[in-house]
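This report goes through one protein chain, from its overall make-up to a single sheet and a helix that lies on it. Please look over the sequence and the model before reading on.

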Amino acid sequence: MAKLAKESPVHERLGLDSAEALILHLPLRYEDETRLTRLRDARPGQAVLVEGVVSHLEIQTRPRRQLLATLNETGSNAPFYLRMLNFYPSQQAHLKAGARLRLYGEVKPGFFGAEMVHPRWRVVAANTPLSDRLTPVYPTVAGLSQLRIQKAIAAVLTGADLTDTLADATRAGLALPAFDEAVKRLHAPMPEDSQAALEAHEHPAWRRIKFDELLTQQLSLRLHCRERDRQSAPILANVAKLTTRFIANLPFPLTAAQNRVVREIQADIAKPHPMHRLLQGDVGSGKTCVAALATLNAVGSGYQAAVMAPTEILAEQSYLKFREWLEPLGIPVVRLTAAMKGKARVQAMTAIVDGSAAVAVGTHALFQDKVRFKSLALAIVDEQHRFGVEQRLALRAKGGPPAASEGEGNPRPSPLYIPHLLMMSATPIPRSLAMSYYADLDVSVIDELPPGRKPVATRVLGSARRDEVVARLRDYCKSGAQAYWVCPLIEESEKIDLKAAIDAHAELTAELPDLRIGLAHGRMKSNEKNAVMSAFKAGELDILVATTVIEVGVDVANASLMVIEHAERMGLAQLHQLRGRVGRGARQSTCLLLYYEPLSETARQRLHIVRDNADGFVIAREDLRLRGPGEFMGARQSGLPMLRFADLETDQDLLEQARTVAAHLLDQDPEAVRRHLRRWLPRGSDYLHA
């Protein structure tokens, strides 16, 4: 007879690396089996532990086959029922008349009286003692019982090394319990522990776990910084002649904030180790201009620079900007995107590899294996949160001159140096997030808009007022202004009833025959899209109907009205980015957020936040509150591990303390650092940040 397949260990079933990792597989909630509730006192809606003797058992067939056991207790004639909608013969055998049962579950009002449907139950003796601990309920997977997880964790706790990584004096100063005390308390709380505090993660034991998690994050990021400081990067000097000519050619003066940020970047890239800097600035603050100034240092020092954008249209817009600014200075700029084919692509790649292209602007195509740079020294990543960790690492790996031994079939050796990295974001990072996930970055903030920029008046309107909006649009354009009409989709979807850009363009063309209306969306060929954009910028179109391809990169000073259809379906950051396309000229600008019913409460909050706030940092904080860090950063797609237990909003004090303790441990107790990271990051922290 064939042997039964051996069942996988609990930790493997749960996706954990080792049995020791079960120590931090903490309960979701708890059940109180430390006290019995009399059957007659069990009230519907309560989750309680009851005990009774089976007086009757029957299988009912209507309205469906089910098992019904009647329970009684001494001194009461009020029956209590156990109902099983799915059951096995073995269960039926245990539920025979006279059996004493202990049940835990939620009491429901049944047809005959109070009952429990599929509770947790077991046969007991009259004197079976109650549990002296709250019963943990763990995250699990299909087919893995709570009892099996409980037994596996209890076994690990018995033999695991729970040595504290914090000195007694440090713990005392932070008023935190010992690590072993904390994990044992969470896996097996005492009856006197507040169940509400445990489940709300407010118990002192939870504070210790959350502190340790935040400490892990801080230690990893600081180690990442130290490792980066040991790497080599080319020294990029400021070539004053190029910088002076560049600024003199600009049609506008740099703001004080731009000048400050340029100095910060120049100081970084003049050092022999890689810069790792995040440049933040609200929509329209002039980040691209600052990035172009940074490329002058690379080119003037004899190296190449690369600018990576997340979409074809943004790459195209950035390419046109960089070419406009840099080619008058004799600096060749080349574009490389995934959409480029044939001769144009070959020419671009050749110019990059032989160094004749000093600056390359493109999409993720820049970091494909076949792309080689002669001497990449500065990598600039625009809208960095839209790229994954591996993508950002791949672009940086293009640094250094190619080795002479490289050839067909030979892997490319590690670069001789690491390029400097400048990441840009128009989505401001809230302070709590910057202190945690971006703690290894130097951050520059352009906190000033160019002079003359007026706040955009924002209104929220229901779709019932669409005709009124169209009438206003006609008057607006007749006065000499231009407008955007933004839709979320290109074509109508059968599954999602959203206004499509193509349909909106057709409707507006019919409703406003005396206006010039263009259409731009992501499925158009680049040359077609660019022709429409150029016509709009030149004033040859009154209205541009578009999808969110115009979210970034488009700058038309005369466009002072934006209508966003189905605004309720868009995120805060996207709405703020879109709104930033207007308000770039002297005319007072307006953004109309057109929503369709039904409107969820979260969507209503988003629309009101955008309406009431022009400050990108305020909007970012609200976005973090509504979505949490995982979605805010795009980290669920990028590979960054999220915090499991700590909350950046409510645990700010622990984050501050973890920063201080991390610095102390790294300087004074590297062995404690090693043990702490091994406990919390058994897979290592290679991709904790990039």
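What percentage of the 690 residues in the chain is buried? Buried residues make up 50% of them. The model is predicted, and its secondary structure comes to 23 helices and 22 strands. The chain exposes about 31,700 Å², of which carbon and sulfur atoms supply 52%. Of the contacts in the chain with a separation of 6 or more, 75% are between residues 24 or more positions apart.

**Confidence**

The pLDDT of the chain averages 86, and 89% of the residues score at least 70. Among the elements of the chain, helix 5 (residues 179–187) has the highest mean pLDDT, 97, and helix 21 (residues 635–638) the lowest, 43. Over residues 402–413 the pLDDT is below 50, and this stretch has 13 contacts in the model beyond near neighbours in sequence. Residues 635–640 also have a pLDDT below 50, with 15 contacts beyond near neighbours in sequence. Where pLDDT is low, the predicted coordinates should not be read in detail.

**The sheet**

An open sheet is formed by 6 strands in the order 17-22-21-18-20-19, with parallel pairing. Strand 17 and strand 19 stand at the edges with a single partner strand each, so one side of each is left without a neighbour in the sheet. From one strand to the next, the twist averages 20°. The residue ranges of some strands of this sheet are listed below.

| Strand | Residues |
|---|---|
| Strand 17 | 457–462 |
| Strand 18 | 482–486 |
| Strand 19 | 517–520 |
| Strand 20 | 543–546 |
| Strand 21 | 559–565 |
| Strand 22 | 590–595 |

Strand 19 is joined to strand 20 by 4 bridges, and the two run parallel. In this pair, Ile 517 stands opposite Ile 543 in strand 20.

**Helix 18**

Which strands does helix 18 lie across? Helix 18 lies across strand 17, strand 18, strand 21 and strand 22, and runs at about 150° to strand 21.

Why is helix 18 largely enclosed by the rest of the structure? The helix spans residues 572–579, and 6 of its 8 residues are buried, so it is largely enclosed. The buried residues are Leu 572, Leu 575, His 576, Gln 577, Leu 578 and Arg 579.

How values were computed: Residues are numbered from 1 along each chain as its sequence is written. This is a predicted model: local features need pLDDT of at least 70, side-chain atom pairs count only at pLDDT 80 or more; totals for chains, interfaces and linings use all residues. Side-chain values use heavy atoms; hydrogens and water are left out. Buried means under 20% relative accessible area, exposed over 50%, partly exposed in between (1.4 Å probe, protein chains only). pLDDT is the predictor's confidence in each residue, from 0 to 100. Contact means heavy atoms within 4.5 Å. Two strands pair if DSSP finds at least two bridges between them. Axes are lines fitted to C-alpha atoms, for helices over the stretch in contact, and angles run from 0 to 180 degrees between N-to-C directions. Accessible areas come from the Shrake-Rupley method with a 1.4 Å probe; for residues, only the protein chains shown count as cover.
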